[in-house]
Amino acid sequence: MSVIVRVAARGEGIADDGRHVALAAPGDTLTEDGAIVPGPHRIIPPCRHYPECGGCQLQHLDDASWSAFITDRIAGALDAQGVRAPIRAPALSPPRTRRRAALHVEPSGRIGFTAERSHQIVDLHECHVLAPELFALVRPLKRLLPTFKAKRRLDVHLTLADQGVDVLVKGVAPEGLAHHDALTAFAQANGVARVAFDDGMGPEVRWEPEPVTIALGGVAVPLPPGAFLQATVEGEAALVAAAREAVQGARIVADLFAGLGTFALSLDARVYAAEGARDAIMALKAAAGRAQRPLFTEHRDLFRRPLTTAELDRFDAIVLDPPRAGAREQVVQLAASKIATIGYISCNPSSFARDAQELCKAGYTLDWVQPVGQFRWSTHVELASRFSRSPA
Ligand SMILES: C[S@@+](CC[C@H](N)C(=O)[O-])C[C@H]1O[C@@H](n2cnc3c(N)ncnc32)[C@H](O)[C@@H]1O
């Protein structure tokens, strides 16, 4: 009999004889004919849509093995690049805390995540990851959106803002009085904070009784429709605490790939924030100005125009939080700079490990990694970390 020893990057169990087995948990055993005998880390998945729904891949794991999966993914990626580091216990977000999600809606009104191994949409009747405020809109959207008579599948982005749920519908725009009335009735009945539509020309707001904001570091930042936000409040808090720890004592810090200012507004320092999305950096600039925070912003493409070594050397420390591709170009400049401390936040262990290897080759030590599981029961892994080296 073979035993499942770990979980692979895509979520299947790996047995000690090398077999990959779908929906197997560490500690499960496999009979001769391949049947799974549940072990101590298997739980009964709470959701009726599991495993067909694409929202979750790991609902059959208890938190101990989900946590081990997250740690393994980071350790494996670093190991492949020859980088060693202490990896802390992952910070896991609880069920029903996801405050940002993209759902798909068919012309029939079927609404949900795409199925795990097909393009089908699994019609959501329950969800154990979405915040209740987001899930409460699923049925009303199912009734509303088919009235717009879209010919193809729509995407609906839901974000829990300070004023309630912000809804961005992509793929259709309401036309005429009947659509307008249906939209107003939906928004009023459900206390929606904003509804915007993007039919290919950029978001157009159709309902926003008061300006929509998101509180970051105690500052109400205007929230552009569809803007990036960390997936849970708990995940954001874990990442912010790690970033603050990484650059503590620094008086002037650069926050690269700053978004709306999740880190920039939470650091006890003068901050320069650079970001490629114009609406996000404009929102951060306006909010910081109103709150009289010591913050300087720049709209800048950091892939094409990373901060040069001369620019970097003006700061005591750097925080960077790039998209999934990582920050290859910026890391080349960091490696050649005099910067002693870097807080690196990542949503992709592979690109992080590649960049970590470059930094370690340049004399940095990866002091610690703080894993963060804010996409509960999914294979998506995030982390914060600190690199340091003696000042040159
Ligand atoms: C993972 S998000 C982090 C945002 C922010 N640090 C936060 O925690 O909310 C990555 C950010 O990088 C920005 N970005 C993507 N490509 C970029 C580029 N080439 N130059 C500058 N910023 C970019 C995105 O717009 C996004 O805001």
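**Exercise 1.** Which residue in E5 is the bridge partner of Leu30?

*Solution.* Start with the frame. This is a predicted model; local features need pLDDT of at least 70, side-chain atom pairs count only at pLDDT 80 or more, and totals for chains, interfaces and linings use all residues. Residues are numbered from 1 along each chain as its sequence is written.

Strands are DSSP runs (E, at least two residues), numbered from the N terminus. Strand E4 covers residues 29-30 and runs antiparallel to E5, joined by 2 bridges. Two strands pair if DSSP finds at least two bridges between them. The partner of Leu30 in E5 is Ile36.

**Exercise 2.** Place E5 in its sheet.

*Solution.* The sheet is open, has 5 strands and pairs antiparallel. Its order is E3-E2-E1-E4-E5. E3 (20-21) and E5 (36-37) are at the edges with a single partner strand each, so one side of each has no neighbour in the sheet.

**Exercise 3.** Split the chain into domains, then describe the contact between domain 1 and domain 2.

*Solution.* Bounds come from an automatic or database domain assignment. It gives domain 1 (2-61), domain 2 (73-94 + 229-388) and domain 3 (100-214). The C-alpha centres of domain 1 and domain 2 are 33 Å apart. Their contact (C-beta atoms, placed from the backbone, within 7 Å) takes 7 residues from domain 1 and 4 residues from domain 2.

**Exercise 4.** List the contacts of Ala243 beyond its neighbours within four places in sequence.

*Solution.* Apply the contact cut-off. Ala243 touches Phe263, Val319, Gly343, Ile345 and Ala384.

Definitions and conventions
Contact = placed C-beta atoms within 7 Å. Helix = DSSP H or I, 4+ residues; strand = E, 2+ residues; numbered from the N terminus.
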